[in-house]
Amino acid sequence: MQLTVLVVSLMFMIIIALFFISAIRASQTGGSDLTAKIDRSHLFWGMLAFGFAVTLVSLWEWPHRITSGQNVVTVNATGAQWSWGIDKEEVPVGQPVVFNVHTQDVTHGLGVVDPNGRLLFQAQGMPGYVNKVEHIFKQAGEYRVICMEFCGVGHHDMITEFKVVAN
Ligand SMILES: [Cu+2]
């Protein structure tokens with residue numbers, strides 16, 4: 001994801017730099033340069049297609065896409081002041097896992113952190129609702145569930161763990 005952001009940022013910087021260069025040249029040569037030659041409608045449709053492609057690529061692993069089927073593992077995660085209760089201690093690698101997130105009292109935020117300490121995804125936990133978030137774990141190991149929404153004095157203690165295991 002960070003590499004995607006870097007590549008997209010560099011591409012935008014190059015495009016903007018080209019416009020600046022052509023504008024400077026146009027001001028020096030009286031206007032017969034690249035900006036004058038580019039058809040504005042081509043530019044519009046090109047930028048639109050570029051934006052669409054970037055959006056598609058960057059959202060490809062959208063975590064809120066919920067699949068259904070026999071191979072989906074369901075984990076019920078319940079937040080309460082101040083702990084997380086999850087009904088599975090182990091989930092498999094490479095299989096869709098759907099977290100049903102809800103709370104018993106106030107709003108909490110379920111955050112799942114990988115063994116390297118990197119936040120993988122999060123979902124809001126709200127009283128009276130069940131929010132679903134899906135993830136396919138790619139790496140076995142110890143994962144942590146933390147709270148992403150400040151919920152009182154014991155908020156920092158809302159940590160629990162589960163294992164991702166190879167099939
Ligand atoms: Cu909290």
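**View 1. G111 of β5 and I146 of β8 meet as bridge partners.** Strand β5 (residues 108-113) and strand β8 (residues 141-147) run antiparallel, joined by 4 bridges. Strands count as paired here if DSSP finds at least two bridges between them; helices (H or I, at least four residues) and strands (E, at least two) are DSSP runs, numbered from the N terminus. β8 also pairs with strand β9 (residues 160-165), again antiparallel, over 5 bridges. In that pairing, look for Y143 opposite its bridge partner F162 in β9.

A word on what you're looking at: this is a predicted model, where local features need pLDDT of at least 70, side-chain atom pairs count only at pLDDT 80 or more, and totals for chains, interfaces and linings use all residues. Residues are numbered from 1 along each chain as its sequence is written, and side-chain values use heavy atoms, with hydrogens and water left out.

**View 2. The copper ion sits in a tetrahedral site.** Its donors are C147 (SG), E149 (O), C151 (SG) and H155 (ND1), at 1.9 to 2.4 Å; a donor is an N, O or S atom within 2.8 Å of the metal (3.2 Å for Na, K and Ca), and with water not among the atoms, sites may look incomplete. Angles among the 4 donor atoms run from 85 to 126 degrees, and four donors count as tetrahedral if all angles lie between 85 and 135 degrees. Along the sequence the donor residues follow C-x1-E-x1-C-x3-H. H155 is buried at 17% relative accessibility, while E149 is partly exposed at 31% (buried is under 20% relative accessible area, exposed over 50%, partly exposed in between, with a 1.4 Å probe and protein chains only).

**View 3. F12 and F50 pair edge-to-face.** Their centres are 5.2 Å apart, with 80 degrees between the planes; rings of Phe, Tyr and Trp (its six-membered ring) pair if their centres lie within 6.5 Å, and planes over 60 degrees apart count as edge-to-face. F12 belongs to helix α1 (residues 2-29) and F50 to helix α3 (residues 40-58), so the pair ties together parts 38 residues apart in sequence. F12 is partly exposed, at 32%, but F50 is buried, at 19%.

**View 4. F137 and F162 make another edge-to-face pair, with centres 5.7 Å apart and planes at 70 degrees.** This one links distant parts of the chain, 25 residues apart: F137 in the loop between β7 and β8, and F162 in strand β9. Both F137 and F162 are buried. Ring pairs join these two with F99, F121 and Y143 in a cluster.

Methods
Four donors count as tetrahedral if all angles lie between 85 and 135 degrees; four count as square planar and six as octahedral if opposite donors are over 155 degrees apart and all others between 65 and 115; anything else is irregular. Rings of Phe, Tyr and Trp (its six-membered ring) pair if their centres lie within 6.5 Å; planes under 30 degrees apart count as stacked, over 60 as edge-to-face and the rest as tilted.
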